[in-house]
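Notebook open, viewer open. I want to go through this one from the overall fold down to single elements.

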Amino acid sequence: MAVLITKYGIQVTEEDLATLQPEQEVSDNLVNFYFKEIQDKIPGVLSYDSLLMQKMACQGVKAGLLWLTDLPFNYHTILLPYFSEGIWYLIIVNTVMRKIELLDSLSRNHDFRQPLTLVRKLMIEAERHFNFTPAISRRWRTQVKRDTPRQSVARDTPLYICLWAKNITHHEALYKVKCPSHMTRECLVNTFMRLINKERVEA
């Protein structure tokens, strides 16, 4: 299995890249790598690995605190890719407005109180841990965002959260516009091919 890119502590392999082909589910390696690329390119944006949410779901908020090696409140936006029961969701934390939103492309009748509560408790514990005093004295608010594009294919959920993360961090409102999955997949393929070619040139 050839390694194509090693960056952010993530190894992207040929097998990962093959998951960008039609009818395939994008690998978690590619999702996490893509989110780290956004963090690297956009000032004020922090992205965590999708394992953070899984760790907290199994071990509680204290386990999540171990991941916060940097003060999260130095960033205005925190991106949390969240994988549960074969579906990808995007959790966005606005540290300035103290707001936590969950974006779901499948529009399932699902109870999202657990992941939203975990992230809210993580932010509260982080404020205590880092002795951080917020500029706005309001409680953390949580909500499931209802005006996101909808689709019906579970394997396409990672495509949608990558698209939303990109557009939102670029201060665009395109996450409200439905983008066909094949176009999103093509966009990701082009992105990773550019990165791979760049790594080969620099090597």
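In what order do the elements of the protein chain run from the N terminus on? I read off β-β-α-α-β-α-α-β-β-β-α-β-α-α. That fits the tally I noted beside it, 7 helices and 7 strands in the protein chain. Reminder to self: this is a predicted model.

**Entry: overall shape.** I checked the radius of gyration first. The protein chain comes out at 17 Å, and a compact globule of 203 residues would be near 17 Å, so the two agree. I then took the spans of the C-alpha trace along its principal axes and got about 45 × 40 × 35 Å.

**Entry: surface and contacts.** I looked up burial next: 48% of the 203 residues are buried. The accessible surface of the protein chain is about 10500 Å², and carbon and sulfur atoms account for 50% of that. For contacts between residues at least 6 apart in sequence, I found that 63% join residues at least 24 apart.

**Entry: the sheet.** I traced an open sheet of 5 strands, ordered β3-β4-β5-β6-β7, and its pairing is mixed. Why do β3 and β7 each have one side without a neighbour in the sheet? They stand at the edges, β3 at 45-47 and β7 at 141-145, and each has a single partner strand, so one side stays free of a sheet neighbour. I also noted the turn between neighbouring strands of this sheet, which is 20° on average with direction ignored.

**Entry: β6 and β7.** I zoomed in on this pair. Strand β6, residues 99-103, runs parallel to β7, and 5 bridges join them. Picking one residue to follow across, I found that Glu101 has Gln143 in β7 as its bridge partner.

**Entry: helices on the sheet.** Which strands does α3 touch? Helix α3, residues 51-59, packs on the sheet against β4 (77-84) and β5 (87-94), and its direction makes about 65° with that of β4. I did the same for helix α5, residues 113-129: this one lies across β4, β5, β6 and β7 and runs at about 150° to β6.

**Entry: α6.** Last stop was helix α6, residues 157-169. Its 13 residues reach 18 Å from first C-alpha to last, close to the 18 Å expected at 1.5 Å a residue. Is α6 mostly covered or mostly uncovered? Mostly covered, as 11 of its 13 residues are buried. I jotted down some of the buried ones, including Pro158, Leu159, Tyr160, Ile161, Leu163 and Trp164. Polar names turn up in the buried list too, among them Thr157, Asn167 and Thr169.

Methods
Residues numbered from 1 in each chain as written. Predicted model: local features only at pLDDT ≥ 70, side-chain atom pairs only at ≥ 80, totals over all residues. Heavy atoms only, no water. Pairing = 2+ DSSP bridges. Helix = DSSP H or I, 4+ residues; strand = E, 2+ residues; numbered from the N terminus. Axes fitted to C-alpha atoms, helices over the stretch in contact; angles between N-to-C directions. Contact = heavy atoms within 4.5 Å. Expected span 1.5 Å × (residues − 1). Buried < 20%, exposed > 50% of the residue type's maximum accessible area, 1.4 Å probe, protein only. Rg over C-alpha atoms; globule rule 2.2 N^0.38 Å. Areas by Shrake-Rupley, 256 points an atom, 1.4 Å probe, with all protein chains shown as cover.
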